[in-house]
Amino acid sequence: MRAIDEIIVHCTATPEGRNISVEDITRWHIDRGFTTIGYHYVVLLDGTIERGRPEEQAGAHCKGHNSRSIGVAYVGGCDKAMRPKDTRTTPQRASLRHLLKELKAKYPKATIHGHNEFANKVCPSFDVKKMIKEIWP
């Protein structure tokens with residue numbers, strides 16, 4: 001198994017309410033030249049957590065961090081006009097918290113970050129550090 005020291009949260013940069021699947025993201029990523037989906041987990045609008053790339057494989061989600069991180073994305077992150085917006089549904093919020101708690105238990109030395117901490121992007125369209133303080137006050 002790879003040494004994991006970061007968990008990086010992303011959004012799919014899709015419009016609010018647009019339901020997409022791991023298969024959709026996989027197709028988009030393959031079209032961009034990836035071998036498969038770049039994320040390890042995807043949280044759907046209804047809160048379902050779907051597996052993407054196996055954890056044993058380095059991700060393709062954050063340049064310079066893929067070899068030692070787990071990539072988690074939630075579906076959404078943009079308003080209808082494609083402007084950045086925290087579009088997480090109530091079930092997505094709950095599932096994302098649950099997944100991060102599980103991953104942190106599995107990788108206790110890992111720190112949790114938003115993609116925007118490592119790239120000039122607004123992804124994941126919400127303040128991950130604030131969410132972490134709510135989970136682990």
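Two strands count as paired here if DSSP finds at least two bridges between them. Keep that cut-off handy for the exercises below, which use a predicted model.

**Exercise 1.** Work out in which sense β1 and β7 pair, and over how many bridges.

*Solution.* Start with β1, which covers residues 6–11. Its bridges to β7 number 4, and the sense is parallel. The cut-off is at least two bridges, so the two strands pair. For one concrete bridge, take V9: its partner in β7 is G114.

**Exercise 2.** Place β7 in its sheet: which strands sit at the edges?

*Solution.* First lay out the order of this open sheet, β4-β3-β5-β1-β7, which has 5 strands and mixed pairing. Then look for strands that pair on one side only: these are β4 (49–51) and β7 (111–114). On average, neighbouring strands are turned by 25 degrees against each other, ignoring direction. Finally, add the helix: α3 (residues 128–135) packs on the sheet and touches β1 and β7. The directions of α3 and β7 make an angle of about 140 degrees.

**Exercise 3.** Find which residues have the most contacts inside the largest nonpolar core, and which elements supply at least two residues each.

*Solution.* The core has 22 residues, and V72, L96 and L103 have the most contacts inside it. Next, the suppliers: β1, β3 (41–43), β5 (69–74), α2 (90–106) and α3 each give at least two residues. Now zoom in on L103: leaving out residues up to four places away in sequence, L103 touches I7, Y41, E55, I70 and V72. Another core lies apart from the largest one; it has 10 residues, including I25, Y39, L44 and L45.

Definitions and conventions. Residues are numbered from 1 along each chain as its sequence is written. This is a predicted model: local features need pLDDT of at least 70, side-chain atom pairs count only at pLDDT 80 or more; totals for chains, interfaces and linings use all residues. Side-chain values use heavy atoms; hydrogens and water are left out. Axes are lines fitted to C-alpha atoms, for helices over the stretch in contact, and angles run from 0 to 180 degrees between N-to-C directions. Contact means heavy atoms within 4.5 Å. A nonpolar core is a set of buried Ala, Val, Leu, Ile, Met, Phe, Trp, Tyr and Cys residues joined through side-chain atoms within 4.5 Å. Buried means under 20% relative accessible area, exposed over 50%, partly exposed in between (1.4 Å probe, protein chains only).
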